[in-house]
Amino acid sequence: MKEYENSSEESNSSKIDHCPVFTQNPDKNEDLAKRMIAATKPCGYYRNIGCTYEVIPANVVYPGEGPGELQYRPYIVQFDIGINQNIKNQVLSSYSSWGKGKRGCIGCGQTGEQCLEIIVKGGSDATGGCAGKCGPGCSIFGAGYAKDCMKHDVCATYKALKQRTSISFGEDDGYCYDPDCGDEAAQAIHNCFIANWWKDTPMICNRELFNKKNAYAWWSHATKGFTEGDCGNFQNWNSGQGIPDKGKIRNPY
């Protein structure tokens, strides 16, 4: 298998280099690592040049894992590095208190966040294995696949590749402690719902929809006994991460 491939919807051979789909593990593959970094572009780049894959946008919280949420096909995956100015102090304070971090912040030399994108196939090895699978590793047990988990996987992989000459690819990033990818981590364990009398309906966390009285948000049960950072740093609409205000979350931090 090549390090990138074309799907049937991108059958024109002239588009191979314009819309590269990454599927292989870049760890210990210097040529592939360089290709992936070079193919990581500012958000909007791939649609602007005609790539038709579905976009998973940054800072949008999706309903969560389940049938049809993330499929084994290519996506234009967006994420950001750096920290929103409204929460920068608290995020850096949390990271400092962790005391185990080696990765630091690769996007803190700029003001705010920089949105980036790359094309990755869901379920592939492009992020070290099982791209988009929630939870650690590729075990058949535990969580399934989700778009928010895909964003976090891609963000963490990009950061690891940028630091590959000085820090091991598998070095712990701290999840919600991570100044660059902690927002994607928080989005991966957060969900929004419309409350119904029988069964609540999952929905994208949309600020306008939260004007409805029966909309609410919820942190995953995975946060019970959680030691991977204060994901609550990223809640509230003004944090810019797509996570509702604390008052709309039924189990806020």
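**The largest pocket and the aromatic rings**

At least two lining residues of the largest pocket come from each of α4 (147-162), α5 (182-188), β7 (190-194) and β9 (215-219). Of these elements, α4 may be a good place to begin a tour of this predicted model, since the largest share of the lining, eight residues, comes from α4. The volume of the largest pocket is about 1100 Å³. Its lining has 45 residues, and those closest to the centre of the pocket are Cys 134, Gly 135, Pro 136, His 152 and Tyr 175. By residue class, the lining holds 20 nonpolar, 14 polar and 11 charged residues.

Attention now turns to the aromatic rings. The model has eight aromatic pairs. In the pair of Tyr 45 and Tyr 46, the ring centres lie 5.0 Å apart and the planes meet at 85 degrees; planes over 60 degrees apart count as edge-to-face, so this pair is edge-to-face. These two residues can also be described by their exposure. Tyr 45 is partly exposed, its relative accessible area being 32%, whereas Tyr 46 has a relative accessible area of 2% and is buried. Elsewhere, one aromatic cluster is formed by Tyr 95, Trp 98 and Tyr 177.

Tyr 45 also has a charged partner: the charged end of Lys 41 sits over the ring of Tyr 45, at 5.3 Å from the ring centre. A further arrangement of this kind involves Arg 250, whose charged end sits over the ring of Tyr 216, 3.6 Å from its centre.

How values were computed
Residues numbered from 1 in each chain as written. Predicted model: local features only at pLDDT ≥ 70, side-chain atom pairs only at ≥ 80, totals over all residues. Heavy atoms only, no water. 1 Å grid on protein atoms, 1.4 Å probe; cavity = no way out; pocket = protein on both sides within 12 Å on 5 of 7 lines; lining within 4 Å. Points joined across faces, edges and corners; volume = space filled by probe spheres on them. Helix = DSSP H or I, 4+ residues; strand = E, 2+ residues; numbered from the N terminus. Nonpolar A, V, L, I, M, F, W, Y, C, P; charged D, E, K, R; others polar. Phe/Tyr/Trp six-rings, centres within 6.5 Å; stacked < 30°, edge-to-face > 60°. Buried < 20%, exposed > 50% of the residue type's maximum accessible area, 1.4 Å probe, protein only. Lys NZ or Arg CZ within 6 Å of the ring centre and 35° of its normal.
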